[in-house]
Amino acid sequence: LYMEEFTQAEIKELLAFYNSPIGKKFTSKQLKMTQKGIELGKGFAVKVQRLAQKYQW
């Protein structure tokens, strides 16, 4: 899967990142950040939906 999108050199760079202290911190926080992003997206969708309903005929 990754080889379809990245070169071997890029994969080595990714591995170096994920094995670095900041990469490890990133992966440890990724699930929480994804969940927060989903919640933000849902809130935005509700606002857009309300606005769209306001202008429906």
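Angles of 65 to 115 degrees between two helix axes count as roughly perpendicular. Keep that in mind as you work through this predicted model.

**Exercise 1.** Work out how helix 2 and helix 3 are oriented: roughly parallel or roughly perpendicular?

*Solution.* Start with the angle: helix 2 (residues 8-19) and helix 3 (residues 21-54) pack at about 80 degrees, and their axes are 4 Å apart. Now use the range from above, 65 to 115 degrees. The two helices are therefore roughly perpendicular to each other. Next, see who does the touching: helix 2 brings F17, Y18 and N19, while helix 3 brings P21, I22, G23, K24, F26 and T27. Sorted by class, this contact between helix 2 and helix 3 has five nonpolar residues, three polar ones and one charged one.

**Exercise 2.** Find which residues make the nonpolar surface patch, and which helix gives the largest share.

*Solution.* First, list the members: F17, Y18, I22, F26 and M33 form a patch of about 460 Å². Then assign them to helices; F26, for example, sits in helix 3. Both helix 2 and helix 3 supply at least two residues each. Helix 3 takes the largest share, with three residues.

**Exercise 3.** How many salt bridges does the whole structure have, and how are the partners K42 and E39 placed along helix 3?

*Solution.* Searching everything turns up one salt bridge. It joins K42 and E39, whose closest N and O atoms are 3.6 Å apart. That passes the cut-off, which is within 4 Å. Finally, count along the helix: K42 and E39 are three residues apart in helix 3, so about one helical turn separates them.

Terms used:
Residues are numbered from 1 along each chain as its sequence is written. This is a predicted model: local features need pLDDT of at least 70, side-chain atom pairs count only at pLDDT 80 or more; totals for chains, interfaces and linings use all residues. Side-chain values use heavy atoms; hydrogens and water are left out. Axes are lines fitted to C-alpha atoms, for helices over the stretch in contact, and angles run from 0 to 180 degrees between N-to-C directions. Angles under 35 degrees count as roughly parallel, over 145 as roughly antiparallel, 65 to 115 as roughly perpendicular and the rest as oblique. Contact means heavy atoms within 4.5 Å. Ala, Val, Leu, Ile, Met, Phe, Trp, Tyr, Cys and Pro count as nonpolar, Asp, Glu, Lys and Arg as charged, and the others, Gly among them, as polar. Patches are made of residues with over 30% relative accessible area and no salt bridge: like charges are joined within 9 Å, nonpolar side chains (Val, Leu, Ile, Met, Phe, Trp, Tyr) within 5 Å. Accessible areas come from the Shrake-Rupley method with a 1.4 Å probe; for residues, only the protein chains shown count as cover. A salt bridge is a side-chain nitrogen of Lys or Arg within 4 Å of a carboxyl oxygen of Asp or Glu.
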